[in-house]
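Me: Please take a close look at one part of this model, the surroundings of a single residue whose backbone angle stands out, and then work outwards from there to the rest of the chain and its partner. I would like one connected account rather than a list.

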Amino acid sequence: MPVTKGQRLQQTLVHGVLSIAAFVILWEIGSRSRQWLGLDAFEWLRGLLAWFGWEKKILPWIGAVPAPSDVLAKWAQIIHDVSYWHSWYMSLFRVMAGFTAAMIIGIPFGLLLAANRTAFGISFPVFEVLRPIPPLAWVPVAIIFWPTQELAISFVTFLGAFYTIVINVIGGAKSIDVRYYQAAQSMGASNWDIFRRIVLPGTLPSIVVGSAVGMGITWEVVVAAEMISGGGSQIGGTAGGGLGFFIWNSYVGGSYEQIVVGMISIGIAGFVSSGLLRAAGKYVTPWLRLR
Amino acid sequence: MSGGSAQHATAMNAATRGSIRVEDVVKIYDPEGAAVMAVDHCTLDIAAGEICMIVGPSGCGKTTLLNAIAGFHEITSGSILLDGEVLCSTEKPKAEPGSDRIVVFQNGSLFPWKTNLENVAFGPLMQGRFGRKEAYDKAQHMMADAGLSGVEHNYPGEISSGMRRRVEIIRALMNDPKVLLLDEPYRALDSLTKSVMHEALLEIYYKNKVTIFFITHDLEEAIFLGHKVAIMTTRPCRPKKVLEVDIPHPRDYGVLTSRRFRELMEETNEAVHEEALKAFAAGEKEG
């Protein structure tokens, strides 16, 4: 029997819900029983490790992590707290600022490097030396360099997405088949037409991929940058810190449930932003939705 | 060009434009000093509205010749004329690409991000020959004429490779070219699809009467389609034998079993085989 698209979607949804439920249940059991995954079966493994001279404690148990039910209870409490939502807002704002700047600068820059040999020769070596430096290594310099902490954090998130976007744009533009240029040229397309109708759409799939990867990196970077820099807590107290600072603050304050709330919040934020980006990507590249 | 060079005798050939003269063309590739001669003093005349089939082993330099006519690559010396006007010569080694010479590429070059209709309408829009609506109307009409109704709003990736070739040929014809340059367009197709494509191409040709420069290494295809078959030597490339196919157009697949077709196959088969062996031996040496 042929499977319809709706049925397949339903199946995916069921699998997703089941896997999340199984994960939460295992976590809950493990956490409550204060044993590794809630099973004694691993006791022999501990014995084995002890025999090799390792401490029994070497295997962590999930019991050290707050149970999902406790986390949920904490969340239900925090959800009414304005400062929690403000943390969301701050992180989201920084991600969007950095990401948008990376798109606005990275796409034309990548296209220029792909199109112009001289520009490539001049810029690429510097780009390649700076690229391996992890964005987080920029945090101290960024704080010194930028007049406000806000700008410093946004700059670091910008770096997170920028390199990935540029590399993808260059790769995408260079991999466009020469036949497309030749065909367009034969049919009387001007240089501007070729750029607009061949280079741009030809690079679009790579731009989409680069943005999706870049978006993921910005979330990683923003959280760490907020933790290290104190998240601009000078500006708005704990509320101004963003989700990274929210987690760090919870850790310092000893509220373990709140740490997990912060972590899951970032997970959700990352998931939603990648999902939106994927949807937008599909929308702008309809020819890739074939069959 | 001295006017009377190659007036073809085919009765139904009413075309008056698109004659090509390839005159003593040499192409030497010079990668890091190791000069490789791809085309060796090649001279070839193609009359207006003629289907000229270029047959030769893979890598013999046929595509080099096509690229020179299309204006994608330079020649080293000699000259190429279209309707008596110099496209390229020793003094001006690279022709300007133009809509009077449209290439249909071996692996296809329909823009994957444009629908079939947008692809077909592309040329006239770029040249500013038609307005938007006019171009799309004409494209729609041309596609319908070629039996391509119903796939206008699909992307090239959504239709079969045989269909894609037809769309691409229609896209080429929309430019009202003097010459169609086909570079092994049916190479990747299975033989059944190929036979359908051949008849479709002839049907399009009978309607449009455009000069066709068709590269292939399929001798049967060459004799079935061509007014003229130029069998090329293996690298460096030059015509070894030029055969005038005296089977009258319009042709259909019945021709394949006719006695004359078999005779022509026999007459040329040896020459082709000889060059294939040479190419093979050269390949062995290189390896």
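Reply: In this predicted model, B:K209 counts as partly exposed because it has 17 C-beta neighbours inside 10 Å, where a buried residue would need 20 or more and an exposed one would have 12 or fewer. Although B:K209 is not a glycine, its phi is positive, at about 50°. The residue sits in the loop of chain B that runs between α5 (191–208) and β8 (211–216).

A second residue of chain B invites the same kind of reading. B:H41, again not a glycine, has a positive phi of about 40°, but its place is within a strand, β2 (residues 36–46) of chain B. B:H41 has 13 C-beta neighbours inside 10 Å, and therefore it too counts as partly exposed.

A further backbone feature of chain B concerns a peptide bond: the one joining B:H249 and B:P250 is cis, with omega at about -5°. B:P250 belongs to the loop between β10 and α7 (259–286) of chain B. As for β10 itself, this strand (residues 239–244) pairs with β9 (residues 228–232) of chain B in the antiparallel sense, over five bridges. The connection from β9(B) to β10(B) is a hairpin of six residues, and one of the bridges can be named, since B:K228 has B:E244 in β10(B) as its bridge partner.

Returning to the strand β8 (211–216) that follows the loop of B:K209, one can turn from the backbone to the packing of the interior. The largest nonpolar core has 132 residues, and those that touch the most other members are A:V156, B:M53, B:I69, B:L181, B:F213 and B:F214. Helix α7 (residues 149–174) of chain A gives this core its largest share, 15 residues. In soluble globular proteins, nonpolar side chains tend to be buried together. The surroundings of B:L181 can be spelled out: leaving aside residues up to four places away in sequence, it touches B:L66, B:I69, B:A70, B:R101, B:I102, B:V103 and B:F213.

Seen as a whole, chain B has seven helices and ten strands. Its radius of gyration is 19 Å, close to the 19 Å that the globule rule gives for 287 residues, so chain B is as compact as a globular protein of that length. Along the principal axes, its C-alpha atoms fill a box of roughly 55 × 45 × 45 Å. Of the 287 residues in chain B, 45% are buried, and among its contacts between residues at least 6 apart in sequence, 72% join residues at least 24 apart.

The contact between the two chains takes 14 residues from chain A and 21 residues from chain B. On the side of chain A that touches chain B, α8 (178–186) and α9 (191–229) each supply at least two residues, and the largest share, six residues, comes from α8(A). The residues on this side of chain A divide into seven nonpolar, four polar and three charged.

Chain A itself is divided into domain 1 (1–65) and domain 2 (66–288). Six residues of domain 1 of chain A are in contact with four residues of domain 2 of chain A, and the side contributed by domain 1 divides into three nonpolar, one polar and two charged residues.

How values were computed: Residues are numbered from 1 along each chain as its sequence is written. Chains are lettered from A and ligands numbered from 1 in the order in which they are written. This is a predicted model: local features need pLDDT of at least 70, side-chain atom pairs count only at pLDDT 80 or more; totals for chains, interfaces and linings use all residues. A nonpolar core is a set of buried Ala, Val, Leu, Ile, Met, Phe, Trp, Tyr and Cys residues joined through C-beta atoms within 7 Å. Helices (H or I, at least four residues) and strands (E, at least two) are DSSP runs, numbered from the N terminus. Two residues are in contact if their C-beta atoms, placed from the backbone, lie within 7 Å. Ala, Val, Leu, Ile, Met, Phe, Trp, Tyr, Cys and Pro count as nonpolar, Asp, Glu, Lys and Arg as charged, and the others, Gly among them, as polar. Two strands pair if DSSP finds at least two bridges between them. Domain bounds come from an automatic or database domain assignment. The radius of gyration is taken over C-alpha atoms; the globule rule is 2.2 Å times the number of residues to the power 0.38.
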